[in-house]
Amino acid sequence: MPPPPEAALRADPARPWRAAAASYVGDEPPTYETEPTTLPVTDPEDLRDVVPDTVLEGARYGTLTLRAASLRGDAARYRGELRRDALLAVRFGTGDSALLLVAVASGQRADPGAHRVARELCEWIAGAVGSNQARLTEDIHTANRGALSSGLHRLTDRAYGRLRAGATVRGLAPADHTASVRCLLLPAHPACRTRVFFGVGDGGLFRLRDGVWQDLEPDGGERDTVGGPVIGYGSGRPPGRRPSHGPGPGPDPGPDSDPDPDSGPDSGPGPDSDCASDRTAPPESEPVHGPFRFRASVARPGDTLLLCSAGLAEPLRGEAALADRLAERWDTAEAPGLAAFLADAQTGVKGYADDRTAAAVWEA
């Protein structure tokens with residue numbers, strides 16, 4: 001039986017450091033403290049390698065409000081390990097033609113340089129997106145799905161190619177020097193509600209609509225389906241990733257429930273853009289984390305779109321009480337403040353102690 005609603009904020013007499021802001025769901029509190037305990041060891045010769053425990057970002061453009069947070073997992077806080085997750089939120093361009101990029105990456109647990117790999121992957125993708133900002137913004141505004149999918153696939157492949165080259169220089173296997181990455185492209189123009197997701201590896205993409213979570217994670221490997229009648233595809237469940245039933249967000253209801261009045265015919269990308277790709281060119285080797293994933297969808301007023309690393313996606317899928325709590329907290333017309341968003345994002349669940357990174361977009 002799920003715990004009563006007040007259990008999410010209950011105090012634990014045996015652990016006085018637990019405050020209402022550091023809440024948890026479930027019958028038992030998490031194993032580790034939710035507040036930082038031990039600082040990571042620092043090399044005095046490389047202070048640039050210092051990673052803060054927590055990062056917060058926020059913005060408001062047109063109809064969207066962004067809240068983002070990346071925090072060290074409870075286990076890493078206890079052991080004095082670095083945060084392996086990276087968060088990058090940037091704006092390219094000005095005015096209504098501006099384009100926002102939110103990138104979330106998670107390094108390999110066993111890689112001592114996981115934090116650098118995650119940060120570099122975000123930065124490389126951001127550099128490519130920024131260099132092609134005008135073209136990408138135009139493709140989003142005109143619903144040019146073919147160009148978006150192939151172009152973003154190509155720039156993501158190039159970023160992973162740099163990681164593979166770095167692994168070779170260091171004498172490492174590519175699987176030991178890589179990261180998962182997931183990104184959102186958000187046009188600043190108030191009349192454009194197209195939200196573009198792309199990435200590789202573990203994590204989650206969810207939408208809170210009418211108080212109900214929908215799991216929008218694309219399968220990947222479906223590039224030939226971009227000619228369909230709806231922006232967004234890949235609503236099936238990847239084998240071995242999610243159960244066919246149980247707690248947590250429900251599956252994406254499918255294309256027919258999310259009509260896109262603005263979708264137009266696909267057209268191929270031009271040859272001169274750095275993020276363009278030739279449809280006849282052989283694809284580069286698949287990143288060791290899995291296939292490229294892409295989805296573009298049109299937001300509705302009242303939606304909340306959530307992009308997150310595996311550290312939040314796994315408990316959100318696996319613990320119904322967490323999904324219910326976040327739905328209650330985030331199904332609001334106004335986005336929460338940064339402090340409130342952070343408190344919600346770090347809601348504890350026993351058995352889940354990894355880094356958590358979340359970026360949520362509220363639609364006015």
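Start by selecting H5 and H6 in this predicted model. Leu-312, Pro-315, Leu-316 and Gly-318 of H5 meet Ala-320, Leu-322, Ala-323 and Leu-326 of H6. Helix H5 covers residues 310-318 and helix H6 covers 320-330. Look at how the two cross: their axes come within 5 Å, at roughly 105°. That makes H5 roughly perpendicular to H6.

Next, keep that pair on screen and add H7, residues 338-345. Which residues of H7 are buried? Color Phe-341, Leu-342, Ala-343, Asp-344 and Ala-345, because these are the buried ones. They pack against H5 and H6, and also against strands S2 (54-61), S3 (64-71) and S14 (356-363). Phe-341 and Leu-342 also belong to a core of 24 residues, whose members include Leu-71 and Val-349 too.

Now hop over to S3 and click on Ala-68, which sits in that strand. Ala-68 is buried, with a relative accessible area of 0%. Show everything around Ala-68 and, beyond its neighbours within four places in sequence, you'll find contacts with Val-55, Leu-56, Glu-57, Leu-87, Phe-341, Ala-358 and Ala-359. Then draw a distance from the C-alpha of Ala-68 to the C-alpha of Ala-345: the two are 277 residues apart along the chain, yet the separation is 9.2 Å.

Time for the other core. Select Ile-125, Val-129, Leu-152, Leu-185 and Phe-198, the residues that touch the most other members of the largest nonpolar core, which has 33 residues. Several elements give two or more residues to this core: strands S4 (85-92), S5 (99-107), S6 (179-187), S7 (194-200) and S11 (292-298), plus helices H2 (114-131), H3 (133-141) and H4 (145-169). Which element gives the most? That's H2, with eight residues. The core of 24 residues from the H7 stop lies apart from this one.

Zoom in on Phe-198. Leaving aside neighbours within four places in sequence, Phe-198 is in contact with Ile-125, Val-129, Leu-152, Leu-155, Thr-156, Arg-182, Cys-183, Leu-185, Phe-292, Arg-293 and Phe-294.

While you're there, click on Cys-183. Why is there no disulfide at Cys-183? The closest cysteine sulfur is in Cys-122, 6.5 Å from the sulfur of Cys-183, and that is too far for a bond. The cut-off is 2.5 Å between the sulfur atoms, and by this rule the count comes to zero disulfides. Cys-183 is buried, with a relative accessible area of 0%. Select Cys-308 as well, and you have another buried cysteine with a relative accessible area of 0%.

Now hide the strands and show H2 with H4. These helices pack at an angle of about 140°, with axes 9 Å apart. H2 and H4 are therefore oblique to each other, and their crossing is right-handed. To see the contact, show Val-117, Leu-121, Trp-124, Ile-125, Ala-128 and Val-129 on H2, and Leu-155, Ala-159, Tyr-160, Arg-162 and Leu-163 on H4.

Last stop: zoom out to the whole protein. Color by secondary structure and you'll have seven helices and 14 strands. Buried residues make up 53% of the 364 residues. Among contacts with a separation of 6 or more, 72% are between residues 24 or more positions apart.

Definitions and conventions
Residues are numbered from 1 along each chain as its sequence is written. This is a predicted model: local features need pLDDT of at least 70, side-chain atom pairs count only at pLDDT 80 or more; totals for chains, interfaces and linings use all residues. Side-chain values use heavy atoms; hydrogens and water are left out. A nonpolar core is a set of buried Ala, Val, Leu, Ile, Met, Phe, Trp, Tyr and Cys residues joined through side-chain atoms within 4.5 Å. Buried means under 20% relative accessible area, exposed over 50%, partly exposed in between (1.4 Å probe, protein chains only). Helices (H or I, at least four residues) and strands (E, at least two) are DSSP runs, numbered from the N terminus. Contact means heavy atoms within 4.5 Å. Axes are lines fitted to C-alpha atoms, for helices over the stretch in contact, and angles run from 0 to 180 degrees between N-to-C directions. Angles under 35 degrees count as roughly parallel, over 145 as roughly antiparallel, 65 to 115 as roughly perpendicular and the rest as oblique. A crossing is left-handed if the near helix is turned anticlockwise from the far one by less than a right angle, and right-handed if clockwise.
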